[in-house]
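Please read the following note with the model open beside it. Each numbered point takes up one topic and explains its terms on first use.

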Amino acid sequence: MHVDLDAFYASVEQRDNPELRGKPVAVGGSRERGVVTAASYEARRFGVHSAMPSVTARRKCPDLIFVKPRFDVYREVSRQIREIFYEYTPLVEPLSLDEAYLDVTENLKGIPYATQVAREIRAKIWEETHLTASAGISFNKFLAKMASDQNKPNGQFVITPEMGPAFVESLPVSKFHGIGPATARKMNELGIFTGLDLKAQSLSSLQERFGKAGTHYFWIARAVDHRPVQPDRIRKSVGAENTFEKDLLGVDVMKTALQPIIDKVWRYCEQTSVRGRTVTLKVKFSDFQQITRSRTLTGFIVSRSSLEQTSVDLLKMLFPLDKSVRLLGVSLSTLNTDDETESPQLSFEL
């Protein structure tokens, strides 16, 4: 899956300043030598885009509103969004502040369909940040990236294995991710205008003309991309949570509601051999107040029953409660991977 925030910097500015909503906005410098860093969709309708000189952007859109970038804010929002990704899979490969690849073949919530995972992630991004995201779902990274552009903004698109070859063949090479304007012009000069034209070229011919990149072009023209999603952070915790359709009352009801959450956490531990010493219970009440309670053991938790016992003990400590509960979560930290250089990974197949 490829998830891409829609007009990220500009959307953050419109979110935080209601006076900018619905208006053409450019994030960047408005001076003569300024450059557009990002443009809202209202500005894009006039042909304004990132990396465009500000003078040109102003000429295309006289009513364009320039806003100075606030990268500290964008980084913090990006961190929020990545935390949402990590609720579903540890296999997250950030490309920038506003986009990432996710491998959801095996996901922490046990959701069988990637389209459903995408819908949930996009809904949660909106719920927590009031920003929209688009997603592309496919069987490899190249096609997932191509798919995320299809229904922008605030949409998603699936390219199935059956669709893949025909989709690539009909695509102009200038639209291929990884083929820039200069390479596209060179391809056009060679009579290569579409994926079908590219597919007609031999491997040796592409290698001769484009070097190592020629091998990549040869395979993506055939909808083949074996690159795995490469996570770049060491996980410090693993957890799962559930927001309930109806608020919960009573310790026995909540103990029952904890069981599938504990199952999800322990399933991940079993798949990855990850173990932890600190159990944290997360509780969000009906009034949206949120608390956590933790317990660190002397040794690693080595069984589901031990994880359940500790989680339930933490829950019982909260009673009696004077309000109902809308969310419960369980996480493990102080992991046996804390000193390793690579993130634990779920097994997956292409």
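1. Leaving aside neighbours within four places in sequence, Lys124 is in contact with Ile84, Glu87, Tyr88 and Glu241; contact means heavy atoms within 4.5 Å. The side chain of Lys124 also makes a polar contact with the side chain of Glu87, at 2.6 Å. A polar contact is a pair of N or O atoms within 3.5 Å; within protein, one must be able to donate a hydrogen and the other to accept it, and residues adjacent in sequence count only if both atoms are side-chain atoms. With a relative accessible area of 13%, Lys124 is buried (buried means under 20% relative accessible area, exposed over 50%, partly exposed in between, with a 1.4 Å probe and protein chains only).

2. The model is a predicted one, in which local features need pLDDT of at least 70 and side-chain atom pairs count only at pLDDT 80 or more, while totals for chains, interfaces and linings use all residues. Residues are numbered from 1 along each chain as its sequence is written, and side-chain values use heavy atoms, with hydrogens and water left out.

3. Lys124 lies in helix 5. Helices (H or I, at least four residues) and strands (E, at least two) are DSSP runs, numbered from the N terminus. Helix 5 (residues 114-129) packs on a sheet, where it touches strand 1, strand 6, strand 7 (133-137) and strand 8, and its direction makes about 165° with that of strand 7. Axes are lines fitted to C-alpha atoms, for helices over the stretch in contact, and angles run from 0 to 180 degrees between N-to-C directions.

4. How are the strands ordered in the open sheet of 5 strands? The order is 5-6-1-7-8, with mixed pairing; two strands pair if DSSP finds at least two bridges between them. Strand 5 (92-96) and strand 8 (156-158) stand at the edges with a single partner strand each, so one side of each has no neighbour in the sheet. From one strand to the next, the twist averages 15°.

5. Strand 1 (residues 2-5) and strand 6 (residues 99-102) run antiparallel and are joined by 3 bridges. Val3 has Ala100 in strand 6 as its bridge partner.

6. Helix 6 (residues 141-148) is mostly covered, with 8 of its 8 residues buried; among them are Phe142, Leu143 and Met146. Asn140 caps the N-terminal end of helix 6, with a side-chain oxygen 3.3 Å from the backbone nitrogen of Phe142.

7. Two cysteines are also buried: Cys61 at 1% relative accessibility and Cys269 at 0%.
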